[in-house]
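Hi there,

Here is the structure I promised to pass on to you. Please open it alongside this message, and my notes on its pockets follow below.

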Amino acid sequence: MLGKCFGEFMGTLILILLGDGVVANVLLKRSKAEGAGWMVIASGWAFAVMAGVFTAIACGSSDAHLNPAVTVGFAVMSGHFAKFAPYLIAQIAGAFTGAVLVWLHFLPHWEQTPDQGLKLSCFCTAPAIRGFGANLISEILGTLVLVLVVGAIFSKAVADSGPASGLGPYLVAALVWGIGLSLGGTTGYAINPARDFGPRLAHAVLPVAGKGPSDWGYAIVPILGPLIGGGLGGLLLRAVTR
């Protein structure tokens, strides 16, 4: 289990370093990618997922969940929850560490960016239109799609032995790309409690130049929504794969 947790830690670290990194690249002042837009952010997050999954596998986690909602989904599907707590700790720690590295990488740019909201967005998510119910539904639906389609990709109905060796991470990355392009504009598609909580905590404790509050009032949405969505996705998979 220790080796698997190390894989989850390293994979989630890379996920956040590249995922939050692309957001910072697009939003922070005097970055050469400033203003590049949503397509670049969604694409960067897709590549971040691909890189994170490969890293997790290479470092010891064949599961490569990188996401407590995915862990919950597959636990609900299988009925086995032993991995949830250790994976959760590893994933949050990896997300926090990845966010610290993003802060270090863009160190001169925080002071050059006066907008506190843009700085926070480089760490965690925020809704386009704030409303607890609507925001929660967005996160539930996005995560349900994530878990359901990941389960479908690796199901025996699609291929008896699973995708060809090495292909799975690319397919999951394409799925996350699609979720970002189609469903991500409402809440920034956290679809991952560790992805939001770890970097939000990093924003709260790091000496980010000119930062504002970490918006903990919203933080429950990208935690609760993905966990509900992941669980529902797991229930659907359990129903259709029996």
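What follows is a short tour of the two pockets I looked at. Please keep in mind that this is a predicted model.

Let me begin with the largest pocket. Its volume comes to about 870 Å³, and 41 residues line it. If you want a place to centre your view, try Asp63, His65, Val70, Phe74 and Val150, which lie nearest the middle of this pocket. Several helices contribute to the lining: α2 (38–58), α3 (68–78), α7 (132–153), α8 (168–183) and α10 (221–241) each provide at least two residues. Of these, α3 supplies the largest share, with six residues. In terms of chemistry, the lining of the largest pocket is made up of 25 nonpolar, twelve polar and four charged residues.

Now for the second largest pocket. This one holds about 250 Å³ of space and has 13 lining residues, with Val23, Trp38, Ser121, Cys124 and Gly188 closest to its centre. Here the helices giving at least two residues each are α1 (2–27), α2 and α6 (116–121). The top contributor is α2, with three residues. Sorted by class, the lining of the second largest pocket has nine nonpolar residues, three polar ones and one charged one.

One helix to colour when you look at both sites is α2: it supplies at least two residues to the lining of the largest pocket and gives the most to that of the second largest.

Happy browsing, and do write back with any thoughts.

Best wishes

Note on methods: Residues numbered from 1 in each chain as written. Predicted model: local features only at pLDDT ≥ 70, side-chain atom pairs only at ≥ 80, totals over all residues. Heavy atoms only, no water. 1 Å grid on protein atoms, 1.4 Å probe; cavity = no way out; pocket = protein on both sides within 12 Å on 5 of 7 lines; lining within 4 Å. Points joined across faces, edges and corners; volume = space filled by probe spheres on them. Helix = DSSP H or I, 4+ residues; strand = E, 2+ residues; numbered from the N terminus. Nonpolar A, V, L, I, M, F, W, Y, C, P; charged D, E, K, R; others polar.
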